[in-house]
Every structure is written in structure tokens, then in C-alpha cells.
Amino acid sequence: MTGHEYADLVARYIVKNFASRGVKVYREVHIGKTLTGRGRRVDIFVLEPTTRTALAIECKYQGSVGTVDEKIPFALQDLESMRIPVCVVYAGDGFSQGILHILSASPIAAYCLPGSRSLATSHDTRELDTILAMTFKWWDVLVRGKKRVALEPARSLALVVSRNDVFRQEAMSLEDR
């Protein structure tokens with residue numbers, strides 16, 4: 001898979017799973033300048049027109065050992081200088097362990113490898129799903145499949161109070177001795 005094919009895959013994944021929420025997905029969008037003064041072009045630009053919220057995404061795919069390792073620290077630093085929410089999505093087996101450590105520790109990096117046929121959400125898309133949810137405030141994405149906390153029935157609380165009273169009474173009788 002090439003870097004361009006990977007960016008297309010991620011863009012299609014976002015459209016399939018999140019376009020129904022009102023976001024528009026664009027490819028190769030020019031946004032300002034890089035840290036070195038060159039024109040910046042992000043791989044994916046996700047826009048929610050009603051809230052005027054956006055997310056710029058850089059895609060890094062490394063299928064074999066190569067030079068992308070050298071570019072990752074600069075890509076992270078460059079994106080962090082933007083004044084909008086940003087993310088570096090990455091996948092592939094060609095990253096060095098050091099770069100994988102940097103990416104996994106970065107709050108703006110997300111591992112993402114959607115299935116090319118189904119484009120379904122999965123364990124391999126969870127990190128990007130989380131960044132999308134936090135950016136666009138889709139809290140239901142974060143709690144999907146989780147059980148909501150509820151208070152125990154009132155009689156359980158009475159039992160706890162009763163036990164506490166028993167413990168207090170035992171403690172007082174010990175003090176009297």
C-alpha cells in the first residue's frame with residue numbers, strides 16, 4: 001500500500017462511519033505554512049459545518065523499513081504548531097521501535113488500519129475514533145458498548161447503614177472497656 005492509498009483508505013473509513021453525523025471529508029487541503037515556511041497541505045480535512053469545527057489529519061503508512069522514520073518527529077512538531085485540532089494517523093510494519101514509541105506516546109497520533117473492504121470500526125480504528133469523538137464531541141462513540149453506572153437499590157444502602165451502625169456500636173463498647 002502506498003501513502004496515498006492509505007490516506008484514501010482512512011478518508012473512506014471516516015466517510016463511511018461518520019458522514020451521517022454531518023462531517024464532510026476533503027483530501028489534500030492547503031492550510032497555512034509549515035514550520036519551515038513552505039505551504040502546508042494536509043492529507044485529510046474533516047469539517048463539521050454546523051459547528052464550524054475541523055480536524056486536520058496527516059497520514060503516515062510505512063509498509064517496509066524506510067525514510068519515513070526521519071520525518072515523523074518533524075511531522076508531529078509541525079502539526080502541533082497549527083491552530084486547529086490535528087492528528088497523525090499511522091499504520092504499517094516498517095516503523096522502527098523508537099518511532100513506534102514516539103507515535104504511541106503522542107497525544108496527537110493515532111494508529112488506524114481500517115479493513116479495506118468493510119471499513120467497519122474495530123480495535124484497529126479505535127484510536128482515530130477516539131480523536132474524532134473528542135474533537136467533534138461525539139461522546140456516544142466513546143461509551144459505545146459500555147454499561148452505564150447506576151445506584152444500587154435503596155435496601156442495599158440501608159444494609160450498609162446498618163452495618164456501619166453495628167461497627168460503631170462495637171467500637172463504642174470496646175472503648176468502654
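## Surface and overall fold

Accessible areas are those given by the Shrake-Rupley method with a 1.4 Å probe. On that basis the protein, which is a predicted model, exposes about 11,500 Å². Carbon and sulfur atoms supply 54% of this exposed area. Of the 177 residues, 36% count as buried.

The fold comprises six helices and five strands. Read from the N terminus, the elements follow the order α-β-β-β-α-β-α-β-α-α-α. Among contacts in the protein with a separation of 6 or more, 55% join residues that are 24 or more positions apart.

## The packing of helices α1 and α4

Helix α1 covers residues 3–18 and helix α4 covers residues 126–136. Their axes come within 12 Å and cross at roughly 60°. An angle under 35 degrees would count as roughly parallel, and one of 65 to 115 as roughly perpendicular; α1 and α4 are therefore oblique to each other. The crossing of α1 past α4 is right-handed. On the α1 side the contact is made by Val10, Tyr13, Ile14 and Phe18, and on the α4 side by Leu128, Asp129 and Leu132. By class, this contact holds six nonpolar residues, no polar residues and one charged residue.

An α-helix has 3.6 residues a turn, so residues three or four places apart point the same way. Within α4, the buried residues are Leu128, Asp129, Ile131, Leu132, Ala133, Thr135 and Phe136. These buried residues pack against α1 and α5 (139–143), and also against the strands β2 (39–48), β3 (53–61), β4 (86–91) and β5 (109–111).

## Backbone positions with positive phi

Most residues other than glycine have a negative phi. Glu28 is not a glycine, yet it has a positive phi of about 55°. This residue lies in strand β1, which spans residues 24–33. With a relative accessible area of 27%, Glu28 is partly exposed, because the partly exposed class lies between the limits of 20% and 50%.

Leu119, likewise not a glycine, has a positive phi of about 55°. Leu119 is located in the loop between β5 and α4. Its relative accessibility is 9%, so Leu119 counts as buried, the cut-off being under 20%. A further positive phi, of about 60°, is taken by Lys137 just after α4.

## The surroundings of Tyr90 and Phe95

Tyr90 is placed in strand β4. Because its relative accessibility is 5%, Tyr90 counts as buried. Leaving aside residues up to four places away in sequence, Tyr90 touches Tyr6, Lys60, Phe95, Leu100, Leu103, Ser104, Ala109, Ala110, Tyr111, Cys112 and Glu127. One of these partners, Ala110, is 20 residues from Tyr90 in sequence. The C-alpha atoms of Tyr90 and Ala110 are 6.4 Å apart in space.

Phe95, which is also among the residues touched by Tyr90, sits in the loop between β4 and α3 (97–105). Phe95 is buried, with a relative accessible area of 6%. Along the chain, Phe95 and Val65 are 30 residues apart. In space, 6.3 Å separates the C-alpha atoms of Phe95 and Val65.

Conventions: Residues are numbered from 1 along each chain as its sequence is written. This is a predicted model: local features need pLDDT of at least 70, side-chain atom pairs count only at pLDDT 80 or more; totals for chains, interfaces and linings use all residues. Side-chain values use heavy atoms; hydrogens and water are left out. Helices (H or I, at least four residues) and strands (E, at least two) are DSSP runs, numbered from the N terminus. Buried means under 20% relative accessible area, exposed over 50%, partly exposed in between (1.4 Å probe, protein chains only). Contact means heavy atoms within 4.5 Å. Axes are lines fitted to C-alpha atoms, for helices over the stretch in contact, and angles run from 0 to 180 degrees between N-to-C directions. Angles under 35 degrees count as roughly parallel, over 145 as roughly antiparallel, 65 to 115 as roughly perpendicular and the rest as oblique. A crossing is left-handed if the near helix is turned anticlockwise from the far one by less than a right angle, and right-handed if clockwise. Ala, Val, Leu, Ile, Met, Phe, Trp, Tyr, Cys and Pro count as nonpolar, Asp, Glu, Lys and Arg as charged, and the others, Gly among them, as polar.
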